[in-house]
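Student: Could we go through this protein model together, one question at a time? I would like to see how each answer is reached.

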Amino acid sequence: MNADSYLRSLIDIVGKTEITDKEGKLIEFNDGINKIIHLVLSQNKGGKKIIFIGNGGSAAIASHETIDFWKNGGMRAICFMESKK
């Protein structure tokens, strides 16, 4: 896959993304992103942690995002992932 097809695929995925409120009502993409940003920033200002959760491949993404928010964003963050022994 070349860079052009990768970016076209990424744009296609983002274009199909739907954001809903807690009742399941669709929210415009930009409004949803702004709400998420406001929520994360308000939780950070309140000294609260951002919790990322994942299982399998999503656990790796959750772990990576936790480090990004903590190290690069200066926000308290923790990752929970399923572990079977």
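Student: Which element holds E65, and is E65 buried or exposed, or partly exposed?
Tutor: This is a predicted model, in which local features need pLDDT of at least 70, side-chain atom pairs count only at pLDDT 80 or more, and totals for chains, interfaces and linings use all residues. Residues are numbered from 1 along each chain as its sequence is written, and side-chain values use heavy atoms, with hydrogens and water left out. E65 sits in helix 3 (helices are DSSP runs of H or I with at least four residues, strands are runs of E with at least two, and both are numbered from the N terminus). Buried means under 20% relative accessible area, exposed over 50%, and partly exposed in between, with a 1.4 Å probe and protein chains only, so E65 at 28% is partly exposed.

Student: How far apart are the C-alpha atoms of E65 and T17?
Tutor: Along the chain, 48 residues separate E65 and T17. In space, the distance between their C-alpha atoms is 19 Å.

Student: What span should helix 3 have at 1.5 Å a residue?
Tutor: Helix 3 covers residues 57-72, which is 16 residues. The expected span is 1.5 Å times one less than the number of residues. The end C-alpha atoms of helix 3 are 22 Å apart, in agreement with the expected 22 Å.

Student: Which residues of helix 3 are buried, and what arc do they cover around the axis?
Tutor: The buried residues in helix 3 are A59, A62 and T66. An α-helix has 3.6 residues a turn, so residues three or four places apart point the same way. The arc is that of the directions from the helix axis to the C-beta atoms. These buried residues lie on the same side of helix 3 because their arc is only 60°.

Student: Which residues are exposed on the other side of helix 3, and which strands help cover its buried residues?
Tutor: On that other side, G57, A60, I61, K71 and N72 are exposed. The cover over the buried residues of helix 3 includes strand 3 and strand 4.

Student: Which residues make up the largest nonpolar core, and which elements give two or more residues to it?
Tutor: A nonpolar core is a set of buried Ala, Val, Leu, Ile, Met, Phe, Trp, Tyr and Cys residues joined through side-chain atoms within 4.5 Å. The largest one has 7 residues: V40, I50, F52, A62, M75, A77 and C79. Two or more residues each come from strand 3 (50-54) and strand 4 (77-81).

Student: Which residues does A77 contact, leaving aside its neighbours within four places in sequence?
Tutor: Contact means heavy atoms within 4.5 Å. With those neighbours set aside, the partners of A77 are I50, F52, T66, F69 and W70.

Student: Where is T20 found, and what is its relative accessible area?
Tutor: T20 belongs to strand 1, residues 19-20. Leaving aside neighbours within four places in sequence, T20 contacts K25, L26 and I27. T20 counts as partly exposed because its relative accessible area is 42%.

Student: What pattern does the protein chain follow along the sequence?
Tutor: There are 3 helices and 4 strands in the protein chain. Read along the sequence, they give α-β-β-α-β-α-β.

Student: What radius of gyration does the protein chain have?
Tutor: The radius of gyration is taken over C-alpha atoms, and the globule rule is 2.2 Å times the number of residues to the power 0.38. For a compact globule of 85 residues that would be near 12 Å, but the protein chain has 16 Å.
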